[in-house]
Structure formats: structure tokens, C-alpha cells
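Hi,

Here is the structure I said I would pass on. Have a look at it first, and then read my notes below.

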Amino acid sequence: MNAQYWHENGDLITLSEKVKQWHHDRNLIEGSTDKDQYMKLIQEAGELSDNICKGNDIADDIGDMIVVLINIAERNKLTLAHCLEVAWDDIKHRKGRMVDGVFIKETDLPSLSREDFIE
């Protein structure tokens, strides 16, 4: 998204508030469940996977997943910022190693020596 869009339409917090209101206006908070929304998230993840595999644009897929995550957060009286902060606090000092393109936590690979880990 270009800088002009952000200038004209607001920041991530403003967009998140608009999405929350959109969910409330359509009874997707009180009229749905976490399980229903989780299933929607998995559906959107499938669309993301499909478009990654096909080399297509994935912006809408990522956005759709964020929309569903906002719903789940709102239903649980959380914010994405809070959830991201909790996750950051969990990973910021994590050490590990890349194995076949996947970061493996140090605690999941106890047989490796200290030199094998990425700080």
C-alpha cells in the first residue's frame, strides 16, 4: 500500500477500529463464535496458500486474515497490538537455528552446540 493511501485513509489503528465496527454492524461479534471465526481464518489461510503457490498477489489474503483476527481479538476483549506485544515478549530473546527454511527454537534442538544457534 502506498503512503498516499495511509495519508488519505488513516493508520492501522484507525483501520482496525473500522473493521471492528464492521464486525459489530454485521452481528459477527455477538452472533458468531471463536470456533466459527477460527474456521474462517483457516479458510482464508487456504486462500493465502493457494495464491502463494500460484505466485499471485497475496495482499488481499493477508488482509482477510487480519480482518478475522481482529474479530477474534474483539470477541475476547483483546487488541491486535496487545497480542503482538505478548508474542514479541515471547520471541524477542529466542535463540535457535534455521533448518530447511524453518526457524527451530533452541529448546526444540537440545543436541546442538551453542555455536549452531542464531542469536
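Let me start with Gly63, which counts as partly exposed because its relative accessibility is 28%, and that category sits between the cut-offs of under 20% for buried and over 50% for exposed. Gly63 is part of helix H4, which runs over residues 59–75. If you want a partner to look at from there, try Leu48: the two C-alpha atoms are 10.0 Å apart, with the residues 15 apart along the chain.

Before going further, please keep in mind that this is a predicted model. The chain has a mean pLDDT of 88, with 83% of its residues at 70 or more. Confidence is highest in helix H3 (residues 34–54), at a mean of 98, and lowest in helix H1 (residues 3–9), where the mean is 53.

Next, helix H2, residues 12–25. Its 14 residues should span 20 Å at 1.5 Å a residue, and the C-alpha atoms at its ends are indeed 20 Å apart, so the two values agree. Which residues of H2 are buried? They are Leu15, Ser16, Val19, Lys20 and His23. These five cover an arc of only 145° around the axis, so they sit on the same side of H2.

Both ends of H2 have something to show you. At the N-terminal end, Asp11 acts as a cap, with a side-chain oxygen 3.2 Å from the backbone nitrogen of Ile13. Just after the helix comes Asn27, which has a positive phi of about 55°.

Last, the strands. S1 (residues 96–99) pairs with S2 (residues 102–105) over four bridges, in the antiparallel sense. Within that pairing, Arg97 of the chain is found opposite Ile104 in S2. Together S1 and S2 make a hairpin that leaves two residues between them, and Asp100, in the turn, has a positive phi of about 50°.

That's what I have for now. Shout if anything is unclear when you open it up.

Cheers

Notes:
Residues are numbered from 1 along each chain as its sequence is written. This is a predicted model: local features need pLDDT of at least 70, side-chain atom pairs count only at pLDDT 80 or more; totals for chains, interfaces and linings use all residues. Side-chain values use heavy atoms; hydrogens and water are left out. Two strands pair if DSSP finds at least two bridges between them. pLDDT is the predictor's confidence in each residue, from 0 to 100. The expected span of a helix is 1.5 Å times one less than its number of residues. Buried means under 20% relative accessible area, exposed over 50%, partly exposed in between (1.4 Å probe, protein chains only). The arc is that of the directions from the helix axis to the C-beta atoms. A polar contact is a pair of N or O atoms within 3.5 Å; within protein, one must be able to donate a hydrogen and the other to accept it, and residues adjacent in sequence count only if both atoms are side-chain atoms.
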